[in-house]
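Here's a quick look at the charged side-chain pairs in this one. Have the structure open while you read.

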Amino acid sequence: MAGILILISARLAKAEQIYYRAHHAGRLLHARIPHGHTHTHVDILSAYQYAVNAHEATPERRQRFLVKLQSCLAHLPRRNALVLGGDFDCPCVPYKHVCGQVVTRHNDLHYVDSQDHQNVWRTLHLTALNTWQQPTHGQVATFVMGEHEGAPSSQIDFVFVPAQHATTRSKQASALVDYPVAAWRGGPRHYPILADIPAPVIAQIDREQMIQDLRSPTPTTALHGFRQEVQAQLPAQVDHLNDIFLQAAQKHFPLKKTTKATSQSEELANCARNMWGLFRSLRAHRYGMPGIINAWRQWTEFCRAHRLHKTRSKQRSKQRKQDLLQQAQAAATQGNVHKTWKIIRQLAPKARKKRLQLHKDGHMISPDEELDWILTAYGERYATDPSKEPITFEFPAHSGVFLDPQELQWHLEHLNPRKAVPKGTAPAIAWRICSDLVAAPVVQAFNAWQGKEPIVLQRWADADVALLPKAHGRSNSPLDWRPIGVQDPLGKCLMSTIVKQTKQTKLAIHDLIVRYTLNVFARCHEVREHCSKARITIHQQHEGEIKVKCHGGLQISLDLSAAFDLVEWSHLKQALDLAQVDIAVQEIMLTWLTQVLYLFRHRHLQGSIKPRRGLRQGCSASPILWAAFTSLLCVSIEARTRPEWTRQHLCLYADDSHLRLRFDSYEGFETAMGEVRIVFACFRLFHLKISMEKSKAILKLVGTLKDRVKKEYVRKHPTTKRLLLSPASQSNGSPWSRAQNTLAW
């Protein structure tokens, strides 16, 4: 019988944060806990090797256990911290950074597989902590065969950490001789090892230095070393590339602490020192006639010094602003937008960054409750339902899509070097530096998947959602914040390559969109001219010209609420079929879309939702999919009106919609309102929500029946007027703006 146990303090992690797995029942246990507020974790492994005995199956059992241990250690993420401890029933041999000189003697004939164990520690660059310093109590052995003095002993229990994480403090580990394990049983006993292992500091990456080195005319040593280290580990599995880039960037471009230079001149500092010296001196006088007179004299000196310091401070502040403006102008001349924006931020008034904090019924709630509210609110928006099966689409057999490495390399080279990336992802500038090295292996792996099905790595489909404040500043619910999705840069570039290389897809969707275009400003001018010609003067009336009854135009701006998040995936499939997009491209796009997982991080907490509708946040294919969807919407509207109706009366741009209608009679106005109702019905048919409060209408009328139109279709409200969709639907109106003689928004 064998068994192992790992105890973790509640101060380090809660029970629900601990993940564990038994790789070998009773012999090898793996636990993982989060490390602070970072994206890394601590991997804790406890091992219990089979004891050496005369049984013929023991060598094979020990070898199988050692293979499992090596495989488990080799597949752990390199960014995580590692602690390996246990009874290995095998001594350690002094060797460089693996084992120190504080070890016991052992019989090589007894431990036949000793060299196999040493090879594992050396290959994985592990350090045995309890082999470097002689303990004060003098006992190095961790196992004793009996209670009597002089009993045989050995050192077969160790605590290992990666060599780069082994510190002088942690190498002071030793056995606790006063607390043998299960001493009440008598006989052989093990002694626990006490090791003080500091939490590893995760090196941050100096992105600005990487950008400067990339733009340097001659390659720097750090840049050359970074590329060499990445190239040495290629070819590698695609899902391991991110870890390779992170490790190389942390090694060659660590973020160094810089001391902030003093912003004031030595003359100004001396002036301030002298001023406050006078102030302390006048406060130190005793209360009496001599003290009062001396204090009065020094007060006048202090006031004079204060005026001088104030004048010099104003001059320095003015000079600093002028210098910053000159730097901003120089940066703008060079086309350096980032530097210009950075300087402008220094000139702008300082304001605290708004932090996400929610309240329910006027009361504060805990971060856990806030995260639950966020997941619930956006889960309803994206129609999350864990009880239902994931949405999938069936596609006929196809030849697949084969990408060109040159296209992927071009997209990687044109990545924004400061583009935000998800936590735990290599910065965009790292992919840009090694674009020529990784393009070919990634495309080769992607093309190899085409024989089966388009496999999409989960990290490519995932999106870290950041909630940013909107302009209105409200925070009554999580939906008052704007969700922005951040995605893996390699996945985005790969999708951009697919969209760009499949030219037939872009042409098909482009041809579909061209059928539904409208120039809004030209139509506004047309309505003005139409109303101006319909209006007659007194002289024209005297000559017998008859007044027009009802001429004018109607312009409606529709505001859609969360339009991109409410698109049904089945409608996207219909839109791609309508555009006659290649089946292989459809499968890749829709597989990528249906595999998406939104990650929400709030304070030190994290949650996720699995959407069932909506376009992927931050995906390069989302604009193409939305354009195809709007074309499908236009086809649906024309099926209920007449051909070419949308080209004449409707303009769709992103999630903004503009309706333009013109009429020459009251009956024409009623017909126009009927067409408006059809458009609204089609929007609702595709599950799009129209915000009646934010939608605006401009109605331009001339003629004798304009008062009738206003009486039947316009309702007055305290702050605005409402244009009704029909005389009977008084509650479904939209605010409208009316200028005296112009169509002004």
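What follows is a short tour of the salt bridges.

## The overall count

Keep in mind that this is a predicted model. It holds 16 salt bridges, and a few of them are picked out below.

## A pair within one helix

Start with helix α1, which spans residues 58–74. Arg64 and Glu60 both sit there, four residues apart, or about one turn of the helix. The two form a salt bridge, with their closest N and O atoms 3.2 Å apart. As for solvent, Arg64 is partly exposed, because its relative accessibility comes to 44%.

## Lys388 and Asp385

Next up is Lys388, which pairs with Asp385 in a salt bridge. Here the closest N and O atoms are 4.0 Å apart. Asp385 has a relative accessible area of 26%, so this residue counts as partly exposed.

## A link between helix and loop

Glu675 and Arg642 also meet through their side chains, at 3.1 Å from N to O. Glu675 belongs to helix α22 (residues 666–685), while Arg642 is in the loop between α20 (622–640) and α21 (645–649), so this salt bridge ties together parts that lie 33 residues apart in sequence.

Which of these partners is buried, and which is partly exposed? Glu675 is the buried one, because its relative accessible area is 12%, under the 20% cut-off. Arg642 is partly exposed, at 36% relative accessibility.

## A network

Finally, have a look at Arg62, Asp89 and Asp113: salt bridges link these residues in a network.

Terms used: Residues numbered from 1 in each chain as written. Predicted model: local features only at pLDDT ≥ 70, side-chain atom pairs only at ≥ 80, totals over all residues. Heavy atoms only, no water. Helix = DSSP H or I, 4+ residues; strand = E, 2+ residues; numbered from the N terminus. Buried < 20%, exposed > 50% of the residue type's maximum accessible area, 1.4 Å probe, protein only.
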